[in-house]
Structures are given as C-alpha cells and as structure tokens.
Amino acid sequence: MTEPLDKPKRKDPLKRSHVGHVPPAPRSRAAKAMAVRAGQGRFVLQVCKDCAETTYPPRDRCPKCWGELVWRDQPDGATLVAETTVRTSMDLFFRDHLPWRIGTAKLDAGPVAIVHVHGDVADGAAGGARVRLKLCLDRGGNPALFALPETETPNMQDDPQLRTFTANPKHRRVLVTDGRGPVGQAVAEGLIEAGAATVFLGNADPLMRYPGQASIEACEGIETVPLDIGDTRSVAELAGQLGGRVDILVNTAGFTREGGVGFGGKITDLQAGLDIDVTGLMRLAQAFAPAMSGRSDDGVNAAAAFVDVASVYGLTGRSGFAGMAASAAARLTLLAGLKSEMRQTGIRVMSVLTGPVDDEWHQSVLPPKVAPRQVARAVVDTLANGHDLTPVGDIAKDVLARWQADPLLTIREETE
Amino acid sequence: MSQPAGRSVLADFAAALAGGSLKCVDLTNTLSPDFPVIVLPPEFGACAPFRMEEVSRYDANGPAWYWNAISMNEHTGTHFDAPAHWVTGRDLPSNTVDAVPPADFLAPAVVINITREAAADADFVLTRDFLEGWEQANGLIPPRHWIALRTDWYKKVGTPDYLNMQEDGAHSPGPDAGAMDFLVHERDCVGLAVETVGTDAGQASHFNPPFPAHSILHGNGRYGLQCLRNLDQLPTFGAIIVACPLKIEGGSGSPLRVIAIIEEDAA
C-alpha cells in the first residue's frame with residue numbers, strides 16, 4: 001500500500017533546487033486531440049466510423065481500413081497482461097523519477113496499450129489482474145494511460161508516479177488571489193480541507209473590512225496577505241516575498257457588472273473588468289510564473305499549477321453581461337498562451353469555468369447559480385486529478401457541452 | 001535685470017522668497033496605489049485608485065530613460081473639486097478645471113482648527129454657531145479665502161481610521177448646511193480645504209440637505225480641496241495656498257500638488 005506522504009522538511013539552502021523536466025512531447029495532432037479530452041477528465045479512444053475498430057495510440061486514420069476516426073468515451077476497465085519496473089532511462093524526466101512501473105494492458109475497449117502502473121497494483125499482477133485506467137495528462141500536457149487498482153486504496157493519491165500527473169494540494173502552499181469575496185474564501189477553506197499546508201489569501205484592501213473576515217482570519221492554515229491584482233506593484237511585492245513558496249496559484253479574482261454593449265454598459269466597468277480579469281492575470285503570471293517554473297520538480301511541495309477561475313461565458317458572450325463575458329474571453333485567451341509557455345516548464349495551467357455565481361452581482365439572474373463551495377470543490381478536483389478544464393455547475397456544464405458541439409450556435413443562444 | 005527692493009509688491013515677494021523669509025509647506029499626500037479613495041456603494045461607479053505601469057527604466061523599452069504610464073480618477077489622492085463636480089454646479093459658467101479662472105488657484109487661507117473636536121467625535125459637525133464663536137475668539141474670516149479645516153486627519157492615512165468606514169457608513173468630520181451657507185454667502189470663501197477624503201462629513205448623505213459642502217460650495221462656484229496634509233504647519237491667518245489643477249478639458253476635478261506659502265516664523 002502507498003505510504004502517506006510525509007510533510008516535507010524545509011529545504012536545505014545549500015542544495016541546488018532540482019530542475020524540472022517534462023516527458024517527451026506529443027508528435028501528432030491526434031495526440032493533442034486526446035490531450036484536450038483527457039484534460040476534461042474523459043476516458044476516450046478513437047473509433048473508426050467505417051469499420052468500428054477502436055484504436056490506440058492516437059492516429060490520423062484507422063489502421064485497419066483507413067477510415068475516419070472519431071473520439072468516443074470508453075469503458076475504463078482493463079486487464080494487466082505484463083508489467084515491469086524501469087530502472088534506467090535516457091530521458092531526463094524519467095531519470096529523475098526512477099524506478100518507474102509500466103505495463104501492458106488489454107483494454108476492455110479493445111486495444112492493447114502500454115500504461116503507467118500505480119504502486120498499489122500488486123507486484124506480479126500481470127497474470128490477468130484487473131485495473132482501472134485513467135487517461136491522464138503528464139507534466140508536459142501529453143496524454144498517457146495510468147493503471148490504477150480497481151478499487152480505492154489508502155493514500156493512493158500519494159503514489160509518487162501518480163503525483164507527477166496531478167497537482168494535488170496535499171502539503172502544498174497555495175496562493176488564492178481574492179480573499180475578500182465568497183469564492184476565494186470557499187476555495188481557501190476547501191484547499192485546507194484537501195491537505196494544503198498553507199493558503200495565502202489575498203486581500204486587495206487590507207484597511208477595509210469585508211464579509212467573512214472573522215471566520216477567515218480564524219481558520220488555521222490560512223494567512224491573509226496584501227494583494228491587489230489591479231496594482232502591478234502590489235503583485236510584484238507579494239511575489240518578492242512569497243514567489244519561492246507558492247506551489248499552486250489559484251486566481252479567483254474577477255469583476256462582474258451587468259450591462260450591454262450599445263445599451264446599458266459602462267465603459268468604466270469594462271475597463272475595470274479588463275484590468276482585473278485580463279491585465280491582472282498577466283500581472284500574476286509575470287510575477288509568479290518564473291519562480292514557480294524554477295521549482296516544478298523540487299520534491300513533495302514542488303510548484304505544480306496555476307489555476308484560473310473564470311466565467312464560462314468567455315466562450316460565448318452573454319446577454320446582459322457583455323463586458324464581463326468580453327473580459328472573460330480575453331482572460332481565457334491569455335490563459336491559453338500561458339498554458340503553452342508553462343507546458344515547457346512542467347507547471348500545469350488549469351481552468352475552472354463557472355456559470356453565474358450565487359453572489360451579489362448576479363441578483364437578477366435566475367437559478368441555478370453556482371455556490372462558492374461548488375467552485376472550491378471544482379478547484380480541488382481539478383488539482384487532484386490533474387485536469388485542464390473543469391466546468392462547475394449545471395449552467396457551465398451545459399454551455400460548455402453545447403459550445404463544444406456547435407460553437408456558433410451556442411454564441412447565438414447565449415447572446416440573445 | 002534686478003529690481004530694486006521695495007519697488008513693488010511682487011518685488012517684495014520675490015525678495016522674501018529669495019531671502020528665505022517665506023517658506024513653502026507641502027500640503028499634498030503622495031500619489032500611490034495605497035492611498036485610499038472615497039468609497040461609494042458598489043453599484044455606483046467607483047473612484048479609480050492611482051495606478052502606475054512602468055513603460056521603461058533604462059532597459060530594452062527605453063535604454064536611457066525611465067517613465068511610467070499612470071491612471072486614476074479625477075478625484076484620487078490630494079485633489080481639487082471644480083463646480084461641475086456636483087449637480088448643483090453643472091450649469092455654472094467656467095465650472096470645469098480647464099475653465100476655472102487661474103486667479104483662483106492662488107488664494108489666502110484661514111485655518112480653523114477643529115482638531116480637538118474631531119478627536120473627541122469623529123462625526124463632529126461644523127456649524128454656524130461654532131464658526132461665529134471661532135470668529136469671536138480669532139477674528140473675522142476675511143473674504144476670498146480658502147477655509148482650511150484642520151483636523152489632523154491626515155495622520156490617520158495608512159490606517160482604517162482614515163476612511164473610518166463602519167457598517168453604517170464613513171465617520172469623519174465636516175460642515176452642515178448652516179456653516180456652508182455662512183462661509184459661502186456671508187464670508188465669500190474661495191472654497192473649503194480639508195484633510196479628509198471629502199469636503200463633506202462621512203455621514204453627510206444623511207444630512208438635510210445631503211452633502212451640504214459639495215452642494216453649496218459648487219452650486220455657488222466655489223471649490224474643494226481634499227486629502228490635504230500638514231495643515232497643522234499653517235498659521236491661522238497669513239498663509240497663501242497655491243493649488244493649480246491639471247487643465248483637463250471638461251474635467252470635474254484634478255489631482256494636484258498643493259503648497260502653502262507662509263512666513264518663516266508664522267506657524
């Protein structure tokens with residue numbers, strides 16, 4: 001059984017930080033397509049539209065009949081037919097993480113695949129042991145199959161191999177950017193419950209009281225810190241203090257106001273929204289990403305992830321909240337750029353997409369609305385599973401599903 | 001070419017400046033992202049704080065020069081309120097900062113010290129009765145003066161007590177309508193100069209009429225100066241305030257550098 005991770009000791013200042021490497025990059029568009037789906041927590045394989053053959057690894061055409069391949073969700077069961085432990089490698093990432101268990105699995109969906117093997121899958125289990133496969137993203141954003149025990153085992157998230165595929169908050173130090181609002185507060189509490197060592201919780205106006213202040217300040221493990229992501233100097237000053245200690249950054253800051261484009265919208269609201277949602281994201285990235293990148297594989301509390309919580313309407317626009325949706329759209333675009341940059345460093349960039357949050361700025365919006373605790377759970381799940389993109393709440397799930405099926409139709413639906 | 005001393009008022013002034021018998025007092029708080037701005041209910045448009053983004057600092061964006069892009073509200077930091085700032089002054093002539101007569105940027109000040117009252121009661125209200133009592137003790141308020149309301153409130157900058165925002169609103173001293181009517185109509189003041197974040201009291205939205213300082217000052221073409229500091233360095237009479245707002249086209253106000261000129265031993 002997996003030994004629980006010990007709380008990491010303070011770093012020996014005489015030791016050079018361990019430089020992080022990423023596994024080899026994908027080589028095909030099909031592999032990237034698989035990665036996109038893996039990032040949403042789906043277990044998918046390609047199926048031929050002509051001969052119904054299910055195939056793996058990702059390919060451009062059916063290996064049996066050259067037919068067109070489409071992605072289909074698949075059962076995640078498999079039988080392990082062989083396994084071994086790699087003890088030497090020329091690859092820089094795997095050299096850092098040896099020994100490494102791999103195996104061959106016969107998928108219930110059909111293909112036979114090389115898989116990474118969890119430590120709790122019993123030794124010598126190759127003689128037909130049942131496993132549950134997880135389609136993961138590795139530190140470089142590449143899709144990979146990971147064989148887990150068929151049933152949960154104690155501390156299985158602490159498996160050292162599995163942990164490289166996730167950004168589990170356990171024992172990590174997290175910066176949550178906006179502690180003055182209910183979402184940031186719920187996220188901070190959720191991360192502490194998930195085992196985070198410390199949550200640094202940003203406060204954009206330390207001289208001004210805010211709702212929930214007493215309970216947040218009384219919560220063990222949460223430290224409030226001055227942080228106004230609308231102010232470059234404030235972000236830089238905090239990064240100067242905490243940059244080397246932030247393992248996960250969760251950006252919950254946002255600016256929501258009602259208004260249209262030609263009718264009822266305010267230019268100053270749009271400017272404020274862009275400054276917080278978009279420029280603020282860049283301020284955070286420029287201040288924290290370099291230090292995080294330098295610590296991406298430095299032990300139990302290595303830097304691991306940059307998570308951004310944004311409105312799902314950034315994908316589509318939103319009637320009555322045009323400026324908010326526009327700044328969310330720019331935010332998502334900027335995040336895509338950051339994701340690409342960070343992929344080289346081993347830091348995962350993740351996105352949690354929300355529908356209307358049940359807060360003071362969505363008073364006129366009909367339910368269902370997202371409770372701050374739901375956002376917190378989504379953030380923790382995203383980190384623990386190493387996902388890229390998580391919709392939270394019924395609205396966001398519905399909008400995302402429709403957008404993936406027909407983007408232009410969904411844009412029209414959400415803006416009229 | 002030098003002027004013989006004593007030949008004109010301005011020459012005397014120049015000689016006093018050059019000779020060091022006059023001194024400048026900086027009445028301005030430093031513009032920084034940390035300086036508080038007035039807080040309104042969130043559904044209203046907010047007062048943007050000061051922001052500064054570096055354009056270059058002897059680097060690839062400008063190898064030999066350092067400069068920043070700045071942004072803020074017209075009423076951020078130490079600032080000037082023009083009559084157009086308030087609805088009562090919206091139809092007056094020359095009511096925006098670009099049109100205010102420049103002669104009004106230079107005016108003497110009378111300093112009314114309510115430090116003790118403000119310390120005892122953050123909601124201290126300046127009334128006509130108080131002003132008349134003050135005049136009996138100190139002398140008449142001359143016409144065309146800034147009324148500088150010394151509270152030492154600037155010493156609270158950097159603490160929650162500066163805005164003093166409680167669940168029932170802000171709490172800071174200011175005048176009532178009777179005091180403002182007296183100062184504007186009977187003492188012909190240039191404007192009201194304060195150390196608090198606004199010329200009105202923190203609770204002035206509950207006054208009748210609400211916001212009497214803004215309403216009466218600007219409705220009668222007078223001005224406001226807010227977020228000042230160092231009024232404790234000025235004499236009761238005899239200071240000259242220099243307050244030149246930026247010439248913003250159609251602007252309702254402007255951050256500015258405010259200085260006072262006093263005689264060396266005046267304070």
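# Exercises on a predicted two-chain model

Leaving aside the neighbours of A:Gln74 within four places in sequence, this residue of the predicted model is in contact with A:Phe43, A:Val44, A:Leu45, A:Thr54 and A:Ala109.

## Exercise 1. The surroundings of A:Gln74

Locate A:Gln74 in chain A, and decide whether A:Gln74 is buried or exposed.

Solution. Begin with the secondary structure: A:Gln74 sits in the loop that runs between strand 3 (69-73) and strand 4 (77-86) of chain A. Next, take the count of neighbours, which is 21 other C-beta atoms within 10 Å. Since a residue is called buried if 20 or more other C-beta atoms lie within 10 Å of its own, A:Gln74 is buried. Finally, turn to a residue elsewhere in the chain: A:Pro4 is 70 residues from A:Gln74 in sequence, and the C-alpha atoms of the two are 31 Å apart in space.

## Exercise 2. The overall form of chain A

Describe the secondary structure of chain A, and compare its radius of gyration with what the globule rule gives for 416 residues.

Solution. Start by listing the elements, which come to eleven helices and 15 strands in chain A. The radius of gyration of chain A is 22 Å, and the globule rule gives 22 Å for 416 residues, so chain A is as compact as a globular protein of that length. Along the principal axes, the C-alpha atoms of chain A fill a box of roughly 65 × 60 × 30 Å. As for burial, 46% of the 416 residues in chain A are buried. Last, consider the contacts in chain A with a separation of 6 or more: residues 24 or more positions apart account for 67% of them.

## Exercise 3. A sheet and a helix that packs on it

Work out the strand order of the open sheet of seven strands in chain A, and find which strands helix 4 of chain A touches.

Solution. The order of the open sheet is 11-10-9-12-13-14-15 in chain A, and the pairing is parallel. At the edges stand strand 11 (222-226) and strand 15 (389-392) of chain A, each of which pairs on one side only. From one strand to the next, the twist averages 20°. To look at one pair within this order, take strand 9 (residues 173-176) and strand 10 (residues 198-203) of chain A, which run parallel and are joined by four bridges; here A:Val174 stands opposite A:Val199 of strand 10. Helix 4 (residues 182-193) of chain A packs on the sheet and touches strand 9, strand 10, strand 11, strand 12 (248-251) and strand 13 (305-311) of chain A, while its direction makes about 170° with that of strand 10.

## Exercise 4. Two helices in contact

Determine how helix 10 and helix 11 of chain A are oriented to each other, and name the residues that make the contact.

Solution. The axes of helix 10 (residues 394-405) and helix 11 (residues 407-414) of chain A come within 6 Å and cross at roughly 140°. Angles over 145 degrees would count as roughly antiparallel and those from 65 to 115 as roughly perpendicular; helix 10 and helix 11 of chain A are therefore oblique to each other. The contact is made by A:Val399, A:Arg402 and A:Trp403 of helix 10 and by A:Pro407, A:Thr410 and A:Glu414 of helix 11. Sorted by class, this contact has three nonpolar, one polar and two charged residues.

## Exercise 5. Chain B and its contact with chain A

Summarise chain B by its helices and strands, trace the pairing of its strand 12, and say how many residues of chain B are in contact with chain A.

Solution. Chain B has five helices and 15 strands, and its radius of gyration of 19 Å agrees with the value near 18 Å for a compact globule of 267 residues. Within strand 12 (residues 223-226) of chain B, B:Tyr223 and B:Leu225 point one way and B:Gly224 and B:Gln226 the other, and all are buried. Three bridges join strand 4 (residues 79-81) of chain B to strand 12, the two running antiparallel, and B:Asp81 stands opposite B:Gly224. Strand 11 (residues 191-194) of chain B is also joined to strand 12 by three bridges, but runs parallel to it, with B:Ala193 as the bridge partner of B:Leu225. Turning to the other chain, eight residues of chain B are in contact with nine residues of chain A. The side of chain B that touches chain A has four nonpolar, two polar and two charged residues.

Key
Residues numbered from 1 in each chain as written. Chains lettered and ligands numbered in written order. Predicted model: local features only at pLDDT ≥ 70, side-chain atom pairs only at ≥ 80, totals over all residues. Buried ≥ 20, exposed ≤ 12 C-beta atoms within 10 Å, placed from the backbone. Contact = placed C-beta atoms within 7 Å. Rg over C-alpha atoms; globule rule 2.2 N^0.38 Å. Axes fitted to C-alpha atoms, helices over the stretch in contact; angles between N-to-C directions. Parallel < 35°, antiparallel > 145°, perpendicular 65-115°, else oblique. Nonpolar A, V, L, I, M, F, W, Y, C, P; charged D, E, K, R; others polar. Pairing = 2+ DSSP bridges.
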